[in-house]
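Let's work through a few exercises together. Take a look at the structure first, then try each task before you read its solution.

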Amino acid sequence: MIDLFNNLYMGFSTILSVQNILLCLIGCLVGTLIGVLPGIGPLATIAILMPLTYNAEPIGSLIMLAGIYYGSQYGGSTTAILVNMPGETSSLVTTFDGHAMARQGRAGKALGIAAIGSFIAGTFATFVIAGTAIPLSKLALSFTAGNYFALMVLGLSLAIILAGGSLLKAVCMLFIGVLMALVGADQITAEPRLTYGLQILYDGFDVAIVSMGLFGVAEILRNLETPEHKPFVGQVVGSLLPNRKDMKDSAGAIARGSVLGSIIGIIPGNGATLSSFVSYALEKALSKHPERFGKGAIEGVAGPESANNAAAQTTFIPLLTLGLPSTAVMALVGGAMTLHGVVPGPQVITKHPDLFWGVVSSMWVGNLMLVVINLPLIGVWVKFLKVPYHLLFPTIVLFCCIGIYSVNSRPSDVLEVAFFGVAGYVFHKLKFELAPLLLGLVLGAMLEDNLRRGLILSEGNVWTFLSEPLTLALLTVALLALGAAVVPSISKGREQLVDED
Amino acid sequence: MTVQSTEGRRTAAVPLYARIDVIGGAAIILLAIAIWLGATELDAGALSRIGSGALPKGLAVILFVAGLAILLKGLLQSNEAAERFYVAVRPTAIVVASIVLFGVFIRGADFGFLSTPQLGLMVVGPITVFVAGNATPEMNVRQLIVLSFGLTAAMLLVFMDLLSVTIPVLPRFIQDPLTLSMGIDTLVRVGYAAYGVLAAVLYVIFFGWPELRRD
């Protein structure tokens, strides 16, 4: 317990420098700004803004990326409440009661309780991360290569199962991602693989380029299909601060949402979305007046918003302690860490304690900023909601071009973005989910490395490899989960859970 | 275009070749074959010493089987379950063209089949914005022109002045002598100031004096 506070103290002393506070603030503000813009979810926001963080120090850039992440989450809730347009699926539930409250002229209170609930949940999740990180990373350090391989298989299986859509197609995308990770020089023999003699392929695929194409540009192409619809933006009326009765009504929902979200967030897959749905169902079941739900019940905003924020934060746990990103957003964050020379995994906490604890405490600071700074700025965000798409998308196009060019000063990178933009769009139209591809791309090299080392240690005997109890257990769970997902009734429900996060 | 496609899905039968699962499955199969061909030279090794070719070949086989399954599902599904493949070609082509223009001319490079001169951000930026803007029928020429100069000015300010990233600003034969005489920082500042003023002047010409000053 003393250790926990010592560590958090170290984290706060890292982040409380003028530069890091500023980066956190910029991240939150820019994230919210892009998040409220119509048609851009958190994943696209991070993909588009990633080059901006490359020039900062590793700690600063991660703090900024994290800030962008919850800023865009928060922006999604704002649009859900004010215009009934969830910026991302994790705030879909917020539209039910949040927008109903807005129609009754209580938009301010809905926004206020969403921010307060998120802050409380964020505080709780910060402690969950701080408390679980050390034991988990210690456990991970004792893992053998075989264990690690099995853990990755389990994580990836859960991620594609919970991501929704067709399982078969998700598996295809995952393997294409893994194959893309193998392109370039072999890690051991250094011979070029799958390069087809093309110079451009020798360096392999850059996560930043691929994600900007697949998620940034492809999203523009998708939005351009349908004619622009102008959202009706109501006035933000009423006070932003909930009164005592509102707080009393939502206190339980916030507490339950925080715990629920923190737990679900750790599981691979789209924790933020899943937890907000579960929280809404739970609040409705527990309520004495379930008929109020959907008609502006404040618990229906407070619970899911707390849950998705807690989950959004605890999804960092697998990445920071095990090196396994569980969502596409975390894959991007992992890619950014690698770029700065910090390999995600159990060593981060011991080798770069200032970075680790700095990022953890920045989450709390970021949440505080969202309440203290973003909430009063709501009038400004409402203005951004009205930006017409026909002016917005050329802006994003130019921003993406300059952003990706600025990373390596290579014109071919820009052309690659265009290629992956089209590929992402076409695969989306063919109903292939793209998030597994990114997970495969980020984890591919590690997956192969651990499989190789595991088999070398077991001298090529598959049975020795599998007979390690932990490896066997993890692989069995993965197999059971995949098996269950194929069962018709479950697979029906899964297909409706299509998400971009 | 979208309206047409949804109507088409309801009324007419979806031909086999236009079904998303048929096209998707075929695409995965082609990809799997390409990967296999790319990996033929690589050594698969043995279980105790996995070679560099093991994973590519193994995954290519799995992809082939999965692609085949998707293809068969698409061929065998009922007409109601089938979905027609549809992409919006025009906006896609225009947006891609704008990005490619940027990539090809920002610094200029030898791409093997063509080598291009450097035009710099102050030339390529407005062109990229203008071309991309044409991808939607809601396009408004006058707004787009103001946007293209204003945005280029803003990007110069953010990326070059605030983030100090090096991006070519002007065609090489203009930029090099100007950089020598006034330095790159001054050049960039003059550049975005000029484009900012230009955008503001064009705004006033096109839309009149704004009633509320935005600053």
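## Exercise 1: One helix and its neighbours

Task: Which residues of α2(A) are buried?

Solution: The buried residues of α2(A) are N20(A), L23(A), C24(A), G27(A), C28(A), L29(A), G31(A), T32(A), L33(A), I34(A), G35(A) and V36(A). Here, buried means that 20 or more other C-beta atoms, placed from the backbone, lie within 10 Å of the residue's own. Next, look at the partners: these residues pack against α1 (2-15), α3 (42-49), α4 (58-83), α17 (353-374) and α18 (378-385) of chain A. Helices are DSSP runs (H or I, at least four residues), numbered from the N terminus.

A note on the model: it is predicted, with local features needing pLDDT of at least 70 and side-chain atom pairs pLDDT 80 or more, while totals for chains, interfaces and linings use all residues. Residues are numbered from 1 along each chain as its sequence is written, with chains lettered from A and ligands numbered from 1 in the order in which they are written.

## Exercise 2: Where the chains touch

Task: How many residues does each chain give to the contact?

Solution: Chain A gives 55 residues and chain B gives 61 residues, where contact means C-beta atoms, placed from the backbone, within 7 Å. On the side of chain A that touches chain B, α19(A) gives the most, with 11 residues.

## Exercise 3: The whole chain

Task: How much of chain A is buried?

Solution: Of its 501 residues, 61% count as buried. The C-alpha trace of chain A spans about 70 × 55 × 50 Å along its principal axes.

Methods
A residue is buried if 20 or more other C-beta atoms lie within 10 Å of its own, exposed if 12 or fewer, and partly exposed in between; C-beta atoms are placed from the backbone. Helices (H or I, at least four residues) and strands (E, at least two) are DSSP runs, numbered from the N terminus. Two residues are in contact if their C-beta atoms, placed from the backbone, lie within 7 Å.
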